[in-house]
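Dear colleague,

Please find below the structure that I am handing over to you. My findings follow directly after it.

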Amino acid sequence: MVTLRREAPPEPTAAEREVADLLPIQADPDAARAVLERVPLWFHTFSLDHSDELYTPGVARDHRYRIPALPEDFSGMSVLDVGTFDGFYAFLAEARGARRVVAVDNEQYRVWVRSRWGVELEGGEGFTAIRELLHSTVEYRCLNAFDLDQLEETFDFILCFGILHRVDNPMGLLKVLRRCLSAEGRVLLETYGSPDRTLDAPAAIHAYEAGEVYARDDFVYWGFTPAGLDAMARHADFEGFELIDAPVIDGHPRVIGTLRAGVMRRP
């Protein structure tokens, strides 16, 4: 592991701690400190021990807007978390009663982390460390989102946070997610919004320049309007896109909403 710091990871604020506290791990303090030392960079903020003082310094900022959109009870559901990174939402679904959780990441984030923070990750370090602390049964697969058909199963609830704006073919990804969704299932989708903030604008996609959103991050390609997501969703055999919220987080527009399974017109 090589570390050449370019940008220091931020300390957890009250906003990050508020989300982390939804999944209290309550590990032995020595085990919690060992985990903090073992993982060179965290994406998610986790509350690690009984003292409520040890938190992982996650680089993701203020995810509170996602929490009201999540089910309070996942009992009986099979859940797929696409782009899981450190796995916070996969572990939260398990803690809220999901009968099966599969967490998927192609670990492309290693390139992003190296470019932005100068840290060389092997991939999956944070996820593995938290799974061990929780004695979790969440299944981790290093898999490209476009290869989800390899799982050969469908899911009742799919989490797709922070991924759609980072793929070359967002329509193609929506089609893959639809094939992985059970007949009565739904996808909770969060992505970047259009910077003009006109939420009732016609169906449109904003194409970001490399590095426009974050310095040294060339992987944020698209910003979506709700109408644009709705049109794409219908082409991908969903009923449409139901907007839940469109906040601005850390100066950047986000869009979060639900995709419900429609009639499959194509295999």
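Just after helix α5, H135 takes a positive phi of about 50°. Please bear in mind throughout that this is a predicted model.

Helix α5 itself covers residues 125-134, and its buried residues are E125, G126, F127, A129, I130 and L133. These buried residues pack against α2, α3, β2 and β3.

As for the chain in general, its secondary structure comes to seven helices and 10 strands. The chain has 267 residues, of which 55% count as buried. Among contacts between residues at least 6 apart in sequence, 67% join residues at least 24 apart. One place where distant parts of the sequence meet involves C142, a residue of strand β3. The C-alpha atoms of C142 and E107 are separated by 6.9 Å, although these positions lie 35 residues apart along the chain when counted from one to the other. Leaving aside residues up to four places away in sequence, C142 touches D105, N106 and E107.

Aromatic residues

The structure holds 12 aromatic pairs. One of them joins W42 and F46 in an edge-to-face arrangement, with 6.0 Å from centre to centre and 65° between the planes. Both of these residues, W42 and F46, are buried. A further edge-to-face pair is formed by W112 and W117, at 5.1 Å centre to centre and with 85° between the planes. W112 counts as buried because its relative accessibility is 8%, and W117 is likewise buried, with a relative accessible area of 1%.

W42 and F46 also belong to an aromatic cluster, which they form together with F88, Y89 and F161. W112, for its part, has a charged neighbour: the charged end of R166 sits over the ring of W112, 5.1 Å from its centre.

Salt bridges

How many salt bridges does the structure contain? The count comes to 15. In general, side chains of opposite charge can pair when their charged atoms come close. Three of the pairs are described here.

The side chains of D30 and R33 meet in a salt bridge, with 3.7 Å from N to O. Both residues lie in helix α2 (residues 29-38), and because they are three residues apart there, they are separated by about one helical turn. D30 counts as exposed, at 57% relative accessibility, whereas R33 is partly exposed, with a relative accessible area of 42%.

R64 forms a salt bridge with D62, and the closest N and O atoms of this pair are 2.8 Å apart. R64 counts as partly exposed, at 37% relative accessibility. D62 counts as buried, since its relative accessibility is 18% and the cut-off for buried is under 20%.

R100 forms a salt bridge with E139, where the closest N and O atoms are 3.1 Å apart. R100 lies in strand β2 (residues 100-105) and E139 in strand β3 (residues 139-142), so this pair ties together parts that are 39 residues apart in sequence. R100 is partly exposed, with a relative accessible area of 27%, and E139 also counts as partly exposed, at 26% relative accessibility. Salt bridges that share partners join R100 and E139 with R141 and E153 into one network.

A buried arginine without a salt bridge

R96 is placed in the loop between α3 (88-95) and β2. What is the nearest side chain of opposite charge to R96? It is E72, 4.2 Å away, and R96 is buried yet has no salt bridge. The pair falls outside the count because a salt bridge requires a side-chain nitrogen of Lys or Arg within 4 Å of a carboxyl oxygen of Asp or Glu. A polar atom of the R96 side chain does, however, lie 2.9 Å from the backbone oxygen of P71. Not counting residues up to four places away in sequence, R96 touches L22, L70, P71, E72, D73, F74 and S75. P71 and E72 are thus both among the residues that R96 touches.

With kind regards

How values were computed. Residues are numbered from 1 along each chain as its sequence is written. This is a predicted model: local features need pLDDT of at least 70, side-chain atom pairs count only at pLDDT 80 or more; totals for chains, interfaces and linings use all residues. Side-chain values use heavy atoms; hydrogens and water are left out. Rings of Phe, Tyr and Trp (its six-membered ring) pair if their centres lie within 6.5 Å; planes under 30 degrees apart count as stacked, over 60 as edge-to-face and the rest as tilted. Buried means under 20% relative accessible area, exposed over 50%, partly exposed in between (1.4 Å probe, protein chains only). A charge sits over a ring if NZ of Lys or CZ of Arg is within 6 Å of the ring centre and within 35 degrees of the ring normal. Helices (H or I, at least four residues) and strands (E, at least two) are DSSP runs, numbered from the N terminus. Lys and Arg count as positive and Asp and Glu as negative; His and the chain ends are not counted. A polar contact is a pair of N or O atoms within 3.5 Å; within protein, one must be able to donate a hydrogen and the other to accept it, and residues adjacent in sequence count only if both atoms are side-chain atoms. Contact means heavy atoms within 4.5 Å.
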